[in-house]
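Colleague: Please take a close look at the largest nonpolar core of this model. Which residues make it up, and which strands supply them?

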Amino acid sequence: MKKIRIISLCLVSAVVTQMSLVAAETGGVLDWLTVANRLRLEYDDNIYQRETDKVDSFKILNEINLGVTLDLEPTFITLRYRPSFAWWSDREPDGTDLHHDLDLVINHRFSPRAAIGIKNTFRIAEQPEEIDRGVTIREKDDYLYNVTDANLDLQVLPRTYVVIGGRYTILEYDRDDVAATDNYDIWAAGVTLRQKLSDFTTVMAEYRREEISYDLSKRGSDSDFYGVGIEHTASKSFVGTLRAGQQDKKFKDASLGDETEPYADATITYIHSPRTRLSLGGGYSMYEADVFPYVSQNRTIVFGSVAHDLTAKLSLYGTLSYQLSEYDADQALDAASVGGDEEISQAALRVAYRLDARNSLELNYQYIDVSSDLREDFDRNRVSLGWRLDL
């Protein structure tokens, strides 16, 4: 199996190399194609995410980035494919990982008043730590993850817009015992009415329906969201959005009572200068549970990020996030469950230095701390040095 993974990566590398040579020889003819390679050496002080008896490891990771951008007015298409291969020291029983990330975005404008956007996110990964829709930080098993989003934007009046959207999410694990409880499908659809009060302020009203189905059917649920929101642009450098409403959740297991909770989320983006960008946000809602046998969690999350170009060649990027997951005993399939909280704090820092037009170096640091009433506590530090080559 490992040989197949390595051979497949070598084949992809060969294809990428050949494409880059073609791009270099043809100059502007292949301006729609971007090719890059990222090589990273990382030290990890707790690869099994334990509170005690920690095991550290070195990791070598190589990631290839292939990008295609097609401007076929009135249609715009972008495609990104990132295969990556990682080798770990001192990790048993498997010291290698092979990941595939594929992103597709299609935007098409039918008229000045009507446009459609489609986005697909596809992941095949081994030993996952994070899934796009949430913060899944426990390693469970190899998995397949896919999200398809589609939105139809309509301008029905000079200052009135309607957005009709839908999303389908699927998560599937390889290992049978994990798949039996954690595999799910999520269908979501809704409509948002946007009214521009001025050139700077827009108010919104929304309705959304979400249905979560697990392989273990009684773990599923249906939710209805009713909400309002406001978006304000104080200047070209400041955008703030606030949404709030009510979520009604009905569980597939008839022995569990229905739940009604408020939900809210807010984001602020501020461009202090062309060299400095800030972002803050947070949210609260009922969410699918990361811990079995619970069927839901009340999740609060806050986050912030800053990006600053110290010079034309030297850039700094940092992020902080905190998540509180509250699990209620009344929302567990096992009557013996007592409930509890789980807190996840994360921090990341990246320093990038551009050597020349094609080569850059990156120094990365990542930290995570998990304090849980339901699972083992742990903290984890990772430091890496990377080299990026834009072909």
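Modeller: What follows describes that core, then some of the salt bridges. The model is predicted. The largest nonpolar core has 11 residues. Its members are Ala125, Tyr143, Tyr145, Val147, Leu171, Tyr173, Val178, Tyr184, Ile186, Ile212 and Tyr214. At least two of these residues come from each of β6 (143-157), β7 (160-173), β8 (184-196) and β9 (201-214). The most is given by β6, with 3 residues.

Within this core, Tyr184 can be followed through its contacts. Setting aside neighbours within four places in sequence, Tyr184 touches Tyr145, Thr169, Ile170, Leu171, Ile212, Ser213, Tyr214 and Glu288. Another core, of 5 residues, lies apart from the largest one; Ala289, Val291, Tyr294 and Tyr327 are among its members.

As for charged pairs, the structure holds 24 salt bridges. One of them joins Arg243 to Glu206, with 2.7 Å between the closest N and O atoms. This pair links distant parts of the chain, 37 residues apart: Arg243 is in strand β11 (residues 238-251) and Glu206 in strand β9. Arg243 and Glu206 are both buried.

A further salt bridge connects Arg209 and Glu211, at 3.5 Å from N to O. Arg209 has a relative accessible area of 28%, so Arg209 counts as partly exposed. Glu211 is also partly exposed, because its relative accessibility is 33%. Through shared partners, salt bridges join Arg209, Glu211, Asp222, Asp224 and Lys252 into one network.

Key:
Residues numbered from 1 in each chain as written. Predicted model: local features only at pLDDT ≥ 70, side-chain atom pairs only at ≥ 80, totals over all residues. Heavy atoms only, no water. Core = buried A, V, L, I, M, F, W, Y, C linked by side-chain atoms within 4.5 Å. Buried < 20%, exposed > 50% of the residue type's maximum accessible area, 1.4 Å probe, protein only. Helix = DSSP H or I, 4+ residues; strand = E, 2+ residues; numbered from the N terminus. Contact = heavy atoms within 4.5 Å. Salt bridge = Lys/Arg side-chain N within 4 Å of Asp/Glu carboxyl O.
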